[in-house]
Amino acid sequence: MAYNYNNLLRNLLLAIILASGSLHAQEGEVLPEESEFKEPKTRVWFNTYGAIRISKRLYWDAQTHFRFEETENTPFIGQIGQVYNRHALGYLYSKNINFSLGGVLRINFNTDESSDDRNVVPEWRIWHQYQFAQPVYSAMIYHRIRIEHRWTQGFEENSEYIFRNRWRYLFRAKIPLNSHKLETGTVYISPEAEVIMQSGKAVVGSVMEDLRLTTTLGYILTPRLKIAGGLMYSQGQTLENAGIFKQNWTMRFHVYFSPDIRKVKNKLPAIHFTD
Amino acid sequence: MTKRITHTCFWALLLLSSISHQCLGQKRNLYNGNYTIGAYQGKARFTYQVVGIDTIFDGSFKMERSNLGALLKNNDQSFLFEGNFDDGLPQGNWIFQFGEFSTDSTTNVSGFQYSVNVNGSLQEAKGELNQGKPEGKWSFSEKKIKDSQILDTLFFSEIDFLDGIPQQSFTIGNAQGTLVGRFLRNGLAHDTWSLFSNEAYNIENWFFTNGWLGKIEVNAGGIPIPIEIFSDTATRSKIIDLDEGYSTLVSIYADHSSNTAIDFSKGINELLVQNSSYYQKIDDILSELGSNKFLEGFKVKAPYFPLDSISRRQLDSTVKLAVDANAISKGFLENTRLNLIKRSDDQANTFYRTIVALDSSFLRPLGTLVKLEDLGITENLSEDMLSNYLFPNGKPSAQIVVVDDNGNTETFLGPDGDSANFGARGVAGYLAMAEYAYQSLEQIKVTLGQKLEDDKQQQEFVLLEEQMIAQANALNQFPDSVRQGLSKRELKALNTIKFTTEVLLRDYAEMPTGNEKLNRARMLISCLLDFDALSQQLVKLPERSLELQKKYTDAVFNPFTATIMDESVKKRISSAYTNVLIPYMLEKVENGLNCENARDLQLLFQNSYERMLELREEDTSKMERKLRKERNPKVVLQLFNLKPLEG
């Protein structure tokens with residue numbers, strides 16, 4: 001028991017020393033004296049979000065994103081970065097609570113112009129998320145917890161997959177600007193903040209993968225179709241060195257569609273789960 | 001050998017079965033169910049035969065009705081008819097019962113049955129029938145029932161019959177007294193018929209000799225007053241039924257011979273009439289069942305003064321003319337309009353008074369003659385008796401003097417009044433009077449009828465025009481709050497209705513008075529009703545539009561916002577209604593409204609709205625495809641399955 005106590009104290013001390021940044025963070029990499037912030041990259045994302053209703057409580061969550069980033073000559077849309085396929089089975093617990101479980105296949109393109117390595121590598125994820133919505137006056141606010149189990153590899157030939165977990169929390173509001181509620185014809189503004197933490201053997205110190213601050217302007221065309229566009233600033237520790245932060249400015253464009261493929265007779269009553 | 005025997009047996013059996021089949025052809029069928037005889041409806045159970053296409057009662061018959069529900073609620077009229085038929089005619093013992101009961105709802109339970117206390121009356125007739133005719137003793141009774149017990153006998157009668165002819169002595173009684181009398185074997189009244197009070201006190205006697213009623217004696221305060229009826233000097237006599245006609249005849253003869261008036265609503269006559277009505281009631285039922293021989297058959301003798309064939313024809317003509325003249329007279333005297341205009345129109349007033357005079361001098365006496373003829377006793381009165389009876393104050397004159405309220409007199413003389421001979425003896429005189437009265441009334445009818453017709457038309461105009469103006473004023477009288485909800489287009493259509501109404505009324509006003517104008521007025525009233533209905537449809541449009549909008553909206557859950565949003569459904573249908581049909585109908589009102597299409601238009605507004613309500617629920621995918629970009633209202637109407645407007 002006494003031994004355990006001493007052990008704990010020793011580990012605690014080590015943690016404090018590590019946090020002070022005066023020691024090596026990772027084998028082979030040396031933490032800088034002060035955090036270093038890379039020059040921001042510019043990017044543009046085109047995202048489609050589908051929520052296809054298949055039964056009273058289940059829907060198919062289908063997302064496809066096309067992510068571009070700058071090249072030396074062209075900001076924002078210079079080259080394709082990733083193509084993102086995210087699918088899940090969603091469950092509507094109530095109007096305000098839903099859960100999803102599914103997989104992601106992300107195609108990563110090598111955007112390092114000087115690299116001789118492979119151009120394209122896949123990345124696999126299993127993800128589940130828990131979303132809570134809440135009306136506040138005429139607006140809605142949302143809390144989203146998303147957990148991803150992620151297998152990535154580098155562009156080098158024969159590079160090994162590394163496994164990481166991602167812990168994401170997103171807070172978002174949708175505030176109607178020209179209406180007393182979110183309905184057809186409404187223009188709304190949506191500020192959001194998301195923090196993405198990560199863990200895994202490969203993650204040493206770089207626990208904050210990304211912090212995203214976004215503001216979007218949206219428009220509801222019909223109850224089944226809306227569009228949005230906005231600008232996101234994000235920063236996060238690089239995996240290689242926890243003292244070095246990457247930064248991005250991203251333009252985002254979204255299309256949200258939610259068709260209902262149920263037969264007419266099954267749609268009634270439309271959405272009344274428990275109320 | 002064996003085969004041959006078998007063969008013979010087979011034919012014998014076939015013959016036997018065909019004979020038995022012939023016999024069975026006469027077999028009785030049983031009916032058991034609801035049945036109606038005249039005014040009686042109830043449950044019947046009887047046997048019958050079908051002979052050719054005829055159904056003939058044969059065997060037992062029972063029909064009854066009683067209703068506990070009706071008894072408890074108010075009162076119940078029950079009945080029971082039970083007896084036998086033989087080859088279509090009533091035969092054997094029969095019983096008829098008629099009850100009229102109410103209850104105080106006092107109930108008793110005895111064993112496993114509830115019994116209910118009843119009050120009311122029970123009529124019963126029973127006896128034997130032979131080929132439909134009464135045979136043996138027939139008894140009738142009516143009893144008063146209180147608390148399910150017999151309280152009193154209201155009527156009874158017992159008569160013996162032989163082959164439908166009353167025999168020997170009979171008794172008929174009611175709460176006041178009892179009549180006893182007797183018949184000869186041929187049914188003629190004979191000997192003294194006496195009425196006794198219930199205290200056995202002699203009230204009235206009729207003295208018959210072989211059916212001939214020589215004298216009636218009425219006991220007034222213990223003193224018998226004799227009244228001679230048919231004198232012995234009459235030359236001829238005839239056997240007739242003792243019925244209402246005979247009663248009338250007796251009262252006429254009694255009045256003629258005596259100053260003592262006999263009250264025929266009481267005494268012996270009352271009992272005879274009562275008895276006759278009970279027999280009639282049974283005869284009515286048996287007649288419906290195919291036999292009309294149930295009569296009490298009392299026979300009497302009366303003086304007889306037969307008419308020759310000329311007089312008979314004249315009498316028939318007299319009766320016909322008197323009936324026709326009376327109808328004309330009654331029509332005028334009961335005419336409310338004549339009663340009104342006689343107050344302001346002197347000529348009408350004179351006519352009215354003339355009709356009153358003709359009625360009292362000619363038509364009433366002739367009406368009495370018609371009644372005697374109906375009773376069949378005209379030929380039982382001598383010429384003088386008849387004349388005195390019909391005209392106790394002498395025959396009227398053809399000249400009718402009418403005096404108005406101011407004492408002015410005016411004389412009316414009908415067609416051929418100068419040559420009319422009312423004084424002729426016998427029927428000829430009556431015929432002359434009937435002809436004169438009829439012709440006079442016909443003459444008056446020509447002038448007075450036209451006067452009434454004009455007045456009627458005038459009155460009708462006033463009424464119709466009042467109604468028309470009220471309708472026109474009421475049209476478009478909607479409160480501002482209603483009008484403000486209307487679109488410009490709808491208001492315009494509403495104003496078109498008002499404007500069209502004004503034009504129609506102006507054109508009507510310019511028409512010359514006459515039947516055509518009257519018809520136009522009637523048409524306009526129905527037209528303005530349609531206009532009003534159309535206006536009502538127009539003012540409902542905003543409210544209906546909102547209602548349909550709501551009906552054609554679904555609540556849809558959006559998973560991205562986690563909110564419920566309203567979604568318009570079947571947009572092509574609602575759009576076709578709002579953007580094609582409504583403008584089309586409004587356009588029709590604005591540019592083509594008239595009396596002929598107003599009704600169709602208002603129906604189209606109504607029907608299209610109702611159709612929209614239906615379409616929301618129906619599977620319309622095919623129709624929606626066809627409606628895509630369809631702007632032609634006629635095609636839309638067809639797709640909506642609505643009747644298009646004509647023209």
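User: Which domains does the domain assignment give for chain B?

Analyst: Good place to start! Keep in mind that this is a predicted model. The assignment for chain B includes a domain built from two stretches, 7-72 and 152-302, which is domain 1. The full set is domain 1 (7-72 + 152-302), domain 2 (309-455) and domain 3 (477-639).

User: How far apart do the C-alpha centres of domain 1 and domain 3 of chain B lie?

Analyst: Domain 3 of chain B covers residues 477-639. Taking the C-alpha centre of this domain and that of domain 1 of chain B, the distance between them is 72 Å.

User: Which domains of chain B give at least three residues each to the largest nonpolar core?

Analyst: Let's look at the core itself. The largest nonpolar core holds 102 residues, and those with the most contacts inside it are B:F61, B:F96, B:W138, B:W193, B:W206, B:F230 and B:Y246. At least three residues of this core come from each of domain 1 (7-72 + 152-302) and domain 2 (309-455) of chain B.

User: How many residues are in the other core that lies apart from it?

Analyst: Besides the core of 102 residues, there is another one, set apart from it. Among its members are B:F478, B:L524, B:A576 and B:C595, and its size is 52 residues.

User: Is B:H190 buried or exposed?

Analyst: First, find B:H190 in strand β12 (residues 189-197) of chain B. Leaving aside neighbours within four places in sequence, B:H190 is in contact with B:R182, B:F183, B:L184, B:F208, B:T209 and B:N210. Its relative accessible area is 16%. Since buried means under 20%, B:H190 is buried.

User: Where is B:D147 found, and what is its phi near?

Analyst: B:D147 is found in the loop between β8 and β9 (149-162) of chain B. With a relative accessible area of 34%, B:D147 is partly exposed. Its phi is positive, in a residue other than glycine, and near 50°.

User: What does B:Q168 count as, buried or exposed?

Analyst: B:Q168 sits in strand β10 (residues 165-174) of chain B. Its phi is a positive value near 50°, and the residue is not glycine. The relative accessibility of B:Q168 is 53%, and the cut-off for this class is over 50%. On that basis B:Q168 counts as exposed.

User: What is the volume of the largest pocket?

Analyst: Let's start with the lining, which has 41 residues; closest to the pocket's centre are A:K41, A:R106, A:F155, A:E240 and A:K246. By class, the lining has five nonpolar, 15 polar and 21 charged residues. Strands of chain A that each supply at least two lining residues include β2 (41-53) and β12 (244-257). The volume of this largest pocket is about 1,400 Å³.

User: How much space lies in the largest cavity?

Analyst: The count comes to two cavities of 30 Å³ or more. The largest cavity is lined by 36 residues, and A:Y49, A:R144, A:R146, A:R172 and A:Y256 lie nearest its centre. This lining has 12 nonpolar, 11 polar and 13 charged residues. The space in the largest cavity is about 510 Å³.

User: What is the volume of the second largest cavity?

Analyst: Residues that line this cavity include B:F98, B:Q123 and B:Y278. At least two lining residues come from each of β7 (113-130), β8 (133-146) and α4 (267-288) of chain B. The lining divides into five nonpolar, two polar and two charged residues. The volume of the second largest cavity is about 40 Å³.

Methods: Residues are numbered from 1 along each chain as its sequence is written. Chains are lettered from A and ligands numbered from 1 in the order in which they are written. This is a predicted model: local features need pLDDT of at least 70, side-chain atom pairs count only at pLDDT 80 or more; totals for chains, interfaces and linings use all residues. Side-chain values use heavy atoms; hydrogens and water are left out. Helices (H or I, at least four residues) and strands (E, at least two) are DSSP runs, numbered from the N terminus. Buried means under 20% relative accessible area, exposed over 50%, partly exposed in between (1.4 Å probe, protein chains only). Contact means heavy atoms within 4.5 Å. On a 1 Å grid over the protein atoms alone, a cavity is a set of points where a 1.4 Å probe fits but cannot get out, and a pocket is an open set with protein on both sides within 12 Å along at least five of seven lines; lining residues have an atom within 4 Å of a point. Grid points are joined across faces, edges and corners, and a volume is the space filled by probe spheres set on the points. Ala, Val, Leu, Ile, Met, Phe, Trp, Tyr, Cys and Pro count as nonpolar, Asp, Glu, Lys and Arg as charged, and the others, Gly among them, as polar. A nonpolar core is a set of buried Ala, Val, Leu, Ile, Met, Phe, Trp, Tyr and Cys residues joined through side-chain atoms within 4.5 Å. Domain bounds come from an automatic or database domain assignment.
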